[in-house]
Each structure stands twice: as structure tokens, then as C-alpha cells.
Amino acid sequence: MSGKLFIFSAPSGAGKTTIVKNLLEKHGDKIAFSISASTRQPRGNEQDGVDYYFISKDDFLHKVAKHEFIEFEEVYSGTFYGTLKSEVERLWSQGKHVIFDIDVVGGLRLKSKFPEQALAIFVNPPSLEVLKERLTGRGTDSEEKLQERFAKAAHELSFADKFDVVLQNNDLEVACAEAEELVLNFMNA
């Protein structure tokens, strides 16, 4: 059995995680979150198997060699993220559509592997300045990591037009409502 895929991508801090969580709260009976694998350390209250599958770099590269990923990428130097085939199959076997909160390159890779089944949505922040304020306000990253995220965000914004839809997130409530409409329309198409 296979369902549809809803891919939400954006630079870090654009609001994609909040939008995805809102969709899961409202439509968890029909959609389920694809938990990505990552070699980074958990932040704050993040839990293994809930927020990410936190695995070692060696384990990650072993899974790459065994073709266990639909897509993967070294998102930041030495830090890998990826979507396990087994995760998508697990959710589809439960009769659910799969929703992703994923980096821009990974989102485009997923879309290319499932061109008809996937709706790829780019969440666009109001501006780079607002993005910088949000990331700095989190207080979870070192100054060096923040600079890396800012540089990556500027680059990622250039990929927006490669997605099926650009969802402008100037107002979170409006963006959540628009995302819900997009998802429900594609789900029922």
C-alpha cells in the first residue's frame, strides 16, 4: 500500500516545523510524521524515535551503503540527515499519508523520487532578517552554528521556485490554514 507524501521544506527558522505540527494535531488520523535519521546530538527535550532517529555517523554510513535511505544528505559539515525507506513503509502500512519536515535539498530529492505522489511545499519566511531573529531567539545554537545556518538559509531561498507551492509565512495562523487547505486538496485529488 502506498499513500501520498507531503513535503514541507524551508530554511531553518521559517516555521515549517510549527506548520507540520499543526497539521498533525488536526489530521493525525490521516497523516503521520516521517521521523528522519540524523547523526547530530539531540537538542533540548528531543527524543530518539520521536523527533529523530539519532544514530552514529558509522551507523548512518552503513545504512547508506546498504541502500536503506530514500534520500540523505550531509546537511552541515559532518552532520547527516536522511529518510529511511523503512520509515515511509511503516507509515504507509498503517494506512497513513506521510508528512515530512525536511531540508530543501532533501525535499527536492523526495519529490523527484515520487513525482506524482508527493506535494512539495516551500515555506517562505517574511525575510532573511526575520529568519535571523527567530534563529537567534531560539538560543539553541552557538554563534558559529548560527552563522552557518544564516549562510545556508540564504542559499536555500534560491530553491523556492523548484517546489510545487511556495507558502508565504508572514502570519503563522494564515500559513497554517493555507497549508491545511493545500494538504486536504492534494489528499483528496
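This report takes a look at the aromatic rings in this structure, which is a predicted model.

Let's start with the big picture. Searching the whole structure turns up nine aromatic pairs. To talk about any of them, you need two things: a pair of rings is described by how far apart the centres are and by the angle of the planes. Here are two of the pairs, side by side.

| Pair | Centre to centre | Angle between planes | Type |
|---|---|---|---|
| Phenylalanine 6 and phenylalanine 186 | 5.8 Å | 80° | edge-to-face |
| Phenylalanine 122 and phenylalanine 163 | 5.4 Å | 55° | tilted |

Take the pair of phenylalanine 6 and phenylalanine 186. It links distant parts of the chain, 180 residues apart. Phenylalanine 6 belongs to strand β1 (residues 5-9), while phenylalanine 186 is in helix α7 (residues 172-187). Phenylalanine 6 is buried, and its relative accessible area is 0%. Phenylalanine 186 has another neighbour too: lysine 4 lies over the face of its ring, 4.9 Å from the ring centre.

Now for phenylalanine 122 and phenylalanine 163. Why is this pair called tilted? Its planes meet at 55°, and tilted covers the angles that are neither under 30 degrees nor over 60. Phenylalanine 122 sits in strand β8 (residues 118-124), and phenylalanine 163 sits in the loop between α6 (143-156) and β9 (165-168), so the pair ties together parts 41 residues apart in sequence. Are these two rings' residues buried or exposed? Phenylalanine 122 is buried, at 0% relative accessible area, and phenylalanine 163 counts as buried with 7% relative accessibility.

Elsewhere, rings gather in a group: Phe60, Phe69, Phe72 and Phe80 make up one aromatic cluster.

Conventions:
Residues numbered from 1 in each chain as written. Predicted model: local features only at pLDDT ≥ 70, side-chain atom pairs only at ≥ 80, totals over all residues. Heavy atoms only, no water. Phe/Tyr/Trp six-rings, centres within 6.5 Å; stacked < 30°, edge-to-face > 60°. Helix = DSSP H or I, 4+ residues; strand = E, 2+ residues; numbered from the N terminus. Buried < 20%, exposed > 50% of the residue type's maximum accessible area, 1.4 Å probe, protein only. Lys NZ or Arg CZ within 6 Å of the ring centre and 35° of its normal.
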